[in-house]
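Let's walk through this one together, question by question. Have the sequence and the coordinates open as you read.

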Amino acid sequence: MPARAFPQPSIGHVLLLVLARAVALYCAFNLAASDSGPSISLASQSPAEVYAYPNYDTMMVFGDSITQFGNSVDRGGFVARLANYYQRQMDVINRGFSQYNASGALGIARNVFPKTASPVYSRSAAPAKSKPSSALWPLRDSNFPKSSSKLQLCILFFGTNDALAPSHPRANPIDSYYHAMHSLVALLRDSNSKHYSPETRIIIVTPPPVGELMLAEPTLTNARTSAYAQMAKRVATEVGAPYVDVFAEIQARVKQDQANGNVTGEYDGYDKYFGDGIHPNFHGNS
C-alpha cells in the first residue's frame, strides 16, 4: 500500500508551526499500515509471541516546562495537538522537564533517548541483529502496522531557562547552551553513541519571546532571549536540521496587533499568547 500523504493542517498560531514542520518531514516516511496478511488472534499466540508491545513509529518532543505543559488540554497544548493529529499513525512522546536548561537536559538525555542496542523482540526465530530497526507485531490487521520502528522524529525545544538573567540559578551561558544543543544532536547522530539513530530526523525550536510586563520578577528579557533564539538557529544550520523560529513568529504577531490597535490592557499584547508571560495559553497554542 503506498504511503499516505497527509495534508498540512491550517495553522493559525505559533507553536503549531512545530506541527507544520513535523508534517512536512514525516510525510516523506511511509506512515501507512499494511493491510495485507491475515489477522492473528491473540488467543492463538504463545506467551513469547505476545510479549512484544505493539508500538507505532514515535515522535519525541524534548524540552522544558513549555513542552511539559504542552500536554495540557486546558491550555490547548501543542504536544497534545500533535498526538491528536497523528493518532493511529504515530505515538507522540512528551519529554518536557520543567526548570531544565539545555545543559541540564544533556545530563538526563541518556535516560530519555532510546538506546540503539535495545533488545528486539520478534515472533520469528531469526537473530535480533537481522532486524536492527524493528520488531514484528503479535497482531497485524488493517488497523496496525507490521512493525514498530525507532524514534523517527525528535523535536528539541530549549532556551527559555537558559536565557534567564545570569544571576538566576537556572541560567546557562550562551556558549554552554550552544555546546549542549550540539551535544544533544550528536547523541542521535554520532555513530559512536549508544543512542545513534541515523534515521531520526531532528527539528530545533527557538525559545519564544516573553511578556516582560507579565513577569512577577524581571528574570527574562526579550533582548536576552532573542540571542538564544539566534543561537538555536545557528546550531540547526550547523547540524543541517530545520528549525522553527517561534521567537520571530510571536514577535511579529504581537507587533502586528500593536500596529492594528488590537492591544488592550497593560501587557503590550503578550497576554494574548501567554498565561504568565512565559508559557503559552490556549490562544498561543492554537
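Q: Does Phe 62 count as buried or exposed, and at what relative accessibility?
A: Keep in mind that we're looking at a predicted model here. The cut-off for buried is under 20% relative accessible area. Phe 62 falls under that cut-off, so it counts as buried, at 0%.

Q: Which kind of aromatic pair do Phe 62 and Phe 97 make?
A: Two things describe a pair of rings: the distance of the centres and the angle of the planes. For Phe 62 and Phe 97 the centres are 6.1 Å apart and the planes stand at 80°. An angle over 60 degrees puts a pair in one particular class, so this one is edge-to-face.

Q: How many residues apart in the chain are Phe 62 and Phe 97?
A: Phe 62 belongs to strand E1. Phe 97, on the other hand, is in the loop between E2 and H4. The pair therefore links distant parts of the chain, and the separation is 35 residues.

Q: Is Phe 97 buried or partly exposed, and what is its relative accessible area?
A: Phe 97 does have company: leaving aside neighbours within four places in sequence, its contacts include Phe 62, Asp 64, Gln 68 and Val 112. One of these, Gln 68, is 29 residues away in sequence yet 5.9 Å away in space, C-alpha to C-alpha. Even with those contacts, Phe 97 is partly exposed, with a relative accessible area of 27%.

Q: What is the angle between the planes of Phe 62 and Phe 158?
A: Phe 158 is another ring that pairs with Phe 62, and at 1% relative accessibility Phe 158 counts as buried. Phe 158 sits in the loop between E5 and H5, so its pair with Phe 62 ties together parts that are 96 residues apart in sequence. The centres are 5.1 Å apart and the pair is edge-to-face, with the planes at 85°.

Q: Which residues form one aromatic cluster?
A: The structure holds seven aromatic pairs. We've already met Phe 62 with Phe 97 and Phe 62 with Phe 158. One cluster takes in those three rings along with two others, and its members are Phe 62, Phe 97, Tyr 100, Phe 113 and Phe 158.

Q: Which helix gives the largest share of the largest nonpolar core?
A: In soluble globular proteins, nonpolar side chains tend to be buried together. Here the largest nonpolar core has 37 residues, with Phe 62, Leu 156 and Ile 204 among those with the most contacts inside it. Elements supplying at least two residues each include strand E1, helix H4, strand E5 and helix H6. The largest share, eight residues, comes from H5.

Q: Which residues of strand E6 (201-205) does Leu 156 touch?
A: Leave aside the neighbours within four places in sequence and Leu 156 still has contacts with Phe 62, Phe 113, Met 181, Leu 184 and Val 185. E6 spans 201-205. The contacts of Leu 156 in that range are Ile 202, Ile 203, Ile 204 and Val 205.

Q: Which strands stand at the edges of the sheet?
A: Strands of a sheet pair through backbone hydrogen bonds, either parallel or antiparallel. Five strands form this open sheet, in the order E2-E1-E5-E6-E7, with parallel pairing. Two of the strands have a single partner each, so one side of each is left without a neighbour in the sheet: E2 and E7.

Q: Which residues make up the uncovered face of E2?
A: In a regular strand the side chains alternate between the two faces of the sheet. E2 is joined to E1 by seven bridges, and Val 92 of E2 is the bridge partner of Met 59. Val 92 is on the covered face, together with Met 90, Asn 94 and Gly 96. The uncovered face is made up of Asp 91, Ile 93 and Arg 95.

Q: How far is the backbone oxygen of Phe 113 from a polar side-chain atom of His 195?
A: His 195 lies in the loop between H5 and E6. Its relative accessibility is 3%, so it counts as buried. A polar atom of its side chain lies from the backbone oxygen of Phe 113 at a distance of 3.2 Å.

Technical notes:
Residues are numbered from 1 along each chain as its sequence is written. This is a predicted model: local features need pLDDT of at least 70, side-chain atom pairs count only at pLDDT 80 or more; totals for chains, interfaces and linings use all residues. Side-chain values use heavy atoms; hydrogens and water are left out. A nonpolar core is a set of buried Ala, Val, Leu, Ile, Met, Phe, Trp, Tyr and Cys residues joined through side-chain atoms within 4.5 Å. Buried means under 20% relative accessible area, exposed over 50%, partly exposed in between (1.4 Å probe, protein chains only). Helices (H or I, at least four residues) and strands (E, at least two) are DSSP runs, numbered from the N terminus. Contact means heavy atoms within 4.5 Å. Rings of Phe, Tyr and Trp (its six-membered ring) pair if their centres lie within 6.5 Å; planes under 30 degrees apart count as stacked, over 60 as edge-to-face and the rest as tilted. Two strands pair if DSSP finds at least two bridges between them. A polar contact is a pair of N or O atoms within 3.5 Å; within protein, one must be able to donate a hydrogen and the other to accept it, and residues adjacent in sequence count only if both atoms are side-chain atoms.
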